[in-house]
Amino acid sequence: MSFLTIAFVALFYIATLILVVGLARRIRLYWKTPAPLKIPTTPAPTTQSGVALRMFREVVFFESLFKSTKWTWLFGWVFHMALFAVLFRHLRYFQEPVWAPVAFVSPLFKYLAFAMVIGLLGLLARRMLVDRVRYITAPSDILMLLLLLGIGVTGALTTFVAHTDVVAVKSFFRHLMTFNFETMPNVPTDPLMVVHLLLVGVLMIIFPISKLLHAPGVFFSPSRNQVDNPREQRHVSDWAKKLEN
Amino acid sequence: MAKAEFEVPELTEYTEVPKLEVGAMAHAKSFVAAPEFQQALNFKGELQDGWEQEVIDHMGDLLGKYRSLQVYLDSCVKCGACTDKCHYYLGTKDPKNMPVARQDLLRKVYRRYFTFAGKYFPKLVGATDLTREVLDDWYSYFHQCSQCRRCSVFCPYGIDTAEISMAAREIMDRIGLGQKYCNEIIGKVFRIGNNLGLPGPALEDTLEGLEEDVFDETGVEVKYPIDQKGAEILLVTPSADFFAEPHVDGLIGYGKVFHEAGVSWTLSSKASEAANFGMFIGSYENMRRISMRIREAALELGVKRIVFGECGHAWRVAYSFLNTLAGPFDFLDPKYPVPQHILEFTWGEMQKGTLNIDKSLNDDLVLTYHDSCNVARGSRMGTEPGGQFTIPRNVIKAVCNNFVDMAPETIHEKTFCCGGGGGLLTDDLMELRVKGAKPRMDALQNVIEEHGVTNMAAICAICKAQFTKVLPYYGMGMDMIMSVHQLVSNAIILTGQVTEDDDDESAEDAA
């Protein structure tokens with residue numbers, strides 16, 4: 001194995017570990033932390049299924065952001081949906097045989113890389129041009145967009161401009177997933193692919209320690225996930241129960 | 001127009017999003033609570049050496065107690081969706097009054113002491129050490145948030161700045177840096193029973209006076225009872241209803257509705273206050289202690305139902321928290337929700353047809369309605385989501401012929417705060433209150449010009465007091481603001497009431 005391959009083996013094992021353990025710990029924290037009062041932003045659903053629907057609209061359509069500002073919604077929604085589509089398409093690099101739906105959408109979904117990049121550029125422009133957004137921007141907010149842009153652009157280039165040995169890449173990840181180091185092929189050395197994989201590893205590592213926590217966070221947001229039924233049901237947390245004695 | 005030591009904003013047809021003016025409101029600081037008022041609430045008397053560590057410890061404590069705080073501090077992506085949604089930003093142009101920037105005052109400290117990135121790469125993620133300057137910023141800007149939750153409507157993760165500002169205030173209270181206005185008032189509730197410090201005998205006098213007034217006006221003996229054991233309904237209402245204008249006209253209205261509905265009711269000298277400033281300071285313990293008075297009063301008086309008068313944040317605490325804080329209310333009549341809003345009661349009676357209404361008695365008015373933030377975004381009325389918007393309007397339309405809503409982006413869940421909520425209704429924050437009212441004033445000005453609106457109705461004691469004070473700064477009459485039950489009171493014809501002609505004559509006699 002080449003040095004580069006060994007480095008990527010290490011990177012992706014470490015990155016996966018950090019991503020999975022880090023996210024699991026964070027989700028556990030959110031789960032365990034009590035929400036001692038009913039604070040849904042009203043009008044709110046009065047049933048659990050109503051809450052599921054509200055959450056669905058929030059996560060799939062970005063309902064609240066749509067109410068707020070159409071430009072941010074447009075760029076943000078396009079970026080996220082394109083990202084999910086592209087990620088879905090990426091399953092083909094990890095499956096053998098490739099799942100039929102993935103194979104089916106593959107030829108079409110690869111163009112969504114452009115939508116993803118356009119969305120990110122829009123968000124970046126807004127961050128630099130709107131004085132209010134510029135004021136609340138920290139260096140990490142810019143870097144996060146640049147990181148995602150880097151991933152999107154290098155990925156698109158390997159698909160549309162400078163083809164990489166994608167068979168070797170897939171074989172590498174298949175071996176990685178099955179802990180089979182004996183016949184593991186070397187990772188292609190073309191710079192685009194190297195940078196693409198490197199940035200993805202970095203993204204996985206920073207996920208659980210950055211604002212990307214908004215992904216699990218939204219599901220735990222009391223103002224969105226609570227049922228509006230405080231007159232019917234008491235909602236006493238464990239720590240508040242102690243006050244009653 | 002009232003005199004101002006600051007520039008009153010010019011009203012505009014639409015509320016425009018201003019350019020940033022850094023530090024525009026840095027000078028706004030409400031008075032700090034004296035040690036005796038702090039201690040009455042079980043808080044530290046004043047700031048002492050080592051407060052930095054205390055802040056971090058208390059922040060850690062609250063992070064473990066409130067999922068909202070933990071999730072909201074982690075989840076913000078700085079998308080900017082909330083930046084133009086706060087009335088205080090729109091009115092003052094100070095960027096620290098943008099909801100996300102206000103949250104960031106706390107978040108940058110959270111990141112520095114509680115997150116990996118902030119501990120090792122503080123500059124990268126905008127984390128900072130806790131210093132006296134940071135604490136002073138907290139005190140100033142977390143007392144420039146009325147906890148109205150408008151930002152939370154627009155946030156893609158539902159981040160509610162109110163939760164952050166409540167946590168910040170609780171931390172400051174615990175280390176001995178509380179706000180005079182809120183904490184003195186809570187102390188009065190514990191000592192005397194209500195925010196205004198009105199003792200029982202004063203309340204009795206006032207209520208007797210109301211009975212006389214209503215009798216003189218209508219010839220009907222409408223009772224305004226207090227501490228009457230065995231009454232069916234306990235009415236809990238903000239103490240401003242006992243004497244302030246236009247609040248008291250609302251109280252007169254509740255009494256008339258109860259009278260016509262034929263139910264027995266009573267006020268309580270123990271729970272002579274609906275307001276619960278414990279919410280404003282984010283203190284679960286104090287909020288609970290204030291709520292328990294209502295439970296105790298209901299038990300002592302042996303009532304079957306609890307009804308709340310017109311008050312915004314009080315209704316949020318009552319609707320959303322009372323059952324949790326002071327329940328279970330299994331000793332009350334299970335046929336009725338606990339608690340009920342007076343508008344739910346009145347609308348129910350209107351549907352039953354027990355009230356005799358002559359809408360034309362309000363024909364001299366063209367009404368609009370101000371949705372109070374805590375009612376709009378923190379509670380409900382009736383059985384359907386959004387009942388908090390329809391029921392008040394239904395009641396107004398049932399007693400007035402002329403009603404017009406303000407612009408859609410300024411009502412319902414998108415309503416603008418009056419500018420005085422959340423523990424800011426104090427003279428030492430007058431500049432903030434006037435400027436923060438601008439978005440609502442813009443919308444009001446619009447319906448005045450386009451539809452000839454003469455008056456605005458509200459169902460919140462703070463809104464009513466705030467508008468009474470602030471309207472003159474914008475060249476409008478302080479008496480434009482009315483109670484919804486004042487309108488009901490105007491239009492209701494009591495059983496056995498002397499006729500209009502007689503009434504006119506007696507009015508002339510009196511004049």
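## Two domains, one sheet and a chain contact

In chain B, the centres of domain 1 and domain 2, taken over C-alpha atoms, are separated by 33 Å. The model is predicted: local features need pLDDT of at least 70, side-chain atom pairs count only at pLDDT 80 or more, and totals for chains, interfaces and linings use all residues. Residues are numbered from 1 along each chain as its sequence is written, with chains lettered from A and ligands numbered from 1 in the order in which they are written.

Domain 1 of chain B covers 35–185, and domain 2 covers 192–404 + 453–502. These bounds come from an automatic or database domain assignment. Their contact takes 13 residues from domain 1 and 10 residues from domain 2. Residues are in contact if their C-beta atoms, placed from the backbone, lie within 7 Å. On the domain 1 side, α10(B) gives the largest share, 5 residues.

Chains A and B also touch: 55 residues of chain A are in contact with 59 residues of chain B. The table splits two contact sides by residue class.

| Side | Nonpolar | Polar | Charged |
|---|---|---|---|
| Chain A, touching chain B | 28 residues | 17 residues | 10 residues |
| Domain 1 of chain B, touching domain 2 of chain B | 7 residues | 1 residue | 5 residues |

Ala, Val, Leu, Ile, Met, Phe, Trp, Tyr, Cys and Pro count as nonpolar, Asp, Glu, Lys and Arg as charged, and the others, Gly among them, as polar.

Chain B also holds an open sheet of 4 strands, in the order β2-β1-β3-β4, with parallel pairing. Strands are DSSP E runs of at least two residues, helices H or I runs of at least four, numbered from the N terminus. Two strands pair if DSSP finds at least two bridges between them. The edge strands, β2 (265–266) and β4 (340–341) of chain B, each pair on one side only. Strand β3 (305–308) of chain B is joined to β4(B) by 2 bridges.

Conventions
Two residues are in contact if their C-beta atoms, placed from the backbone, lie within 7 Å.
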